Amino acid sequence: MPAKGRLREPSVSLLADAGLGPEEPGERALAFPCRNAPVDVLLVRAADVPEYVQDGVVDCGITGADLVRERGARVTELLRLGFGGCTLQAAVPEESPITMLEELAGAHVATAYPRLARELLDERGIAVELVDVTGSVEVAPRLGLADAIVDLVSSGSTLRTNGLRSLGALFTSEAVLIARDEGDHATRLAAILRSVVDARRNRYLMLNAPESALEEICALVPGSRAPSVLPLAEPGMVAVHALVPAADVWRLLPKLEAAGASSILLVPVERMLS
Ligand code: AMP
């Protein structure tokens, strides 16, 4: 997995949440054995992970989906990991007359992702002159090196700070678990990590409600599975327990309160095996 950069810490936390953190806490070494399981972690450049996996140096790797495509590695994506989310976007200076991706035809486009940019623009039938740069892609137009850029964006603030306007996303990326093939080791690790990744996307909801509000509350709780309904000592009152998507919670809570729910508790879920 990545030795530094934005994917390092979330990769270590994912392993730790799966019970496979470094044996020595705070480990900064470039390789460490994991706690509780016969797994050895090698820390390398995020961009090198796809080749290490493809060449069989390691059984599995964690890196950005963008880097897997950019390196052209022949590997299998086993799991999307829910962090390192970003999009590869084309952008032009604010004052550029270009307003649509298609208008990039014939333009000079700076990027640190030449292979991916070429593939994605070719798919759309847009032929450009690529200018390879390795860093600070967003200053290339100001330096007169290019008319546009293709670069990774997460919040969009770097584009704005550099006076650039997005023409749209070409590719959506996040950190992924990859393997050369779906071998035994890889499949087992993927199952362990999947239980954590799925759990992080959900919360366990508990609430009390009058029986008369049960129908409305059950209709509000998303998901296909029925919630658990338990009788309370107080006559006419029940407890409702359900798994809810973490992203929906802010919308859901006021509606549940309005429907008559009280003593609402939301707790994180550690593992989920469906
Ligand atoms: P780093 O080692 O910090 O350069 O991380 C590079 C990887 O982080 C990229 O290949 C992406 O998968 C991911 N990433 C997530 N958000 C961004 C972003 N805004 N800019 C660049 N990389 C990002």
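Colleague: Is N202 buried or exposed?

Modeller: Keep in mind that this is a predicted model. The idea is to look at relative accessible area, where buried means under 20%. N202 has 13%, so it counts as buried. You'll find N202 in strand 11, which runs over residues 202–210.

Colleague: What does the side chain of N202 reach?

Modeller: For that, look for polar atoms close enough to pair up; the cut-off is 3.5 Å. Here the N202 side chain gets to the backbone oxygen of D198, at 2.9 Å.

Colleague: Okay, now the ligand. Which residues come nearest to it?

Modeller: There are 13 residues around the ligand, and the nearest are G5, R6, D66, Y113 and S154. Sorted by type, the shell has six nonpolar, five polar and two charged residues.

Colleague: How do I read the polar contacts there?

Modeller: Check which part of each residue is involved. R6 uses its backbone: a polar atom there is 2.8 Å from an oxygen atom of the ligand. D66 uses its side chain, with a polar atom 2.5 Å from a ligand oxygen. Y113 also has a polar side-chain atom by a ligand oxygen, at 3.3 Å.

Colleague: How much of the ligand's accessible area does the protein cover?

Modeller: On its own the ligand has 490 Å² of accessible area, and the protein covers 77% of that. As for location, the ligand sits in the largest pocket. Helix 3 (65–70) and strand 8 (148–153) are the elements that give two or more residues to the shell.

Colleague: Let's do backbone angles. Which sign of phi should I expect?

Modeller: Most residues other than glycine have a negative phi. So a positive value at another residue type is worth a look. S136 is one such case: its phi is positive, about 45°, and it is not a glycine. S136 is in the loop between strand 7 and strand 8. S263 also has a positive phi of about 45° without being a glycine, and it belongs to strand 14 (residues 262–268).

Colleague: Why does S263 count as exposed?

Modeller: The cut-off for exposed is over 50%. S263 counts as exposed because its relative accessibility is 52%. S136 is at 48%, so it counts as partly exposed.

Colleague: Where is V139 found?

Modeller: V139 is in the loop between strand 7 (129–132) and strand 8. Its relative accessible area is 24%, so V139 is partly exposed. You can also compare sequence with space: V139 and G72 are 67 residues apart in sequence, and their C-alpha atoms are 27 Å apart.

Key. Residues are numbered from 1 along each chain as its sequence is written. This is a predicted model: local features need pLDDT of at least 70, side-chain atom pairs count only at pLDDT 80 or more; totals for chains, interfaces and linings use all residues. Side-chain values use heavy atoms; hydrogens and water are left out. A residue is near a molecule or strand if one of its heavy atoms lies within 4 Å of it. A polar contact is a pair of N or O atoms within 3.5 Å; within protein, one must be able to donate a hydrogen and the other to accept it, and residues adjacent in sequence count only if both atoms are side-chain atoms. Accessible areas come from the Shrake-Rupley method with a 1.4 Å probe; for residues, only the protein chains shown count as cover. On a 1 Å grid over the protein atoms alone, a cavity is a set of points where a 1.4 Å probe fits but cannot get out, and a pocket is an open set with protein on both sides within 12 Å along at least five of seven lines; lining residues have an atom within 4 Å of a point. A molecule sits in a cavity or pocket if more than half of its atoms lie within 2 Å of its grid points. Helices (H or I, at least four residues) and strands (E, at least two) are DSSP runs, numbered from the N terminus. Ala, Val, Leu, Ile, Met, Phe, Trp, Tyr, Cys and Pro count as nonpolar, Asp, Glu, Lys and Arg as charged, and the others, Gly among them, as polar. Buried means under 20% relative accessible area, exposed over 50%, partly exposed in between (1.4 Å probe, protein chains only).
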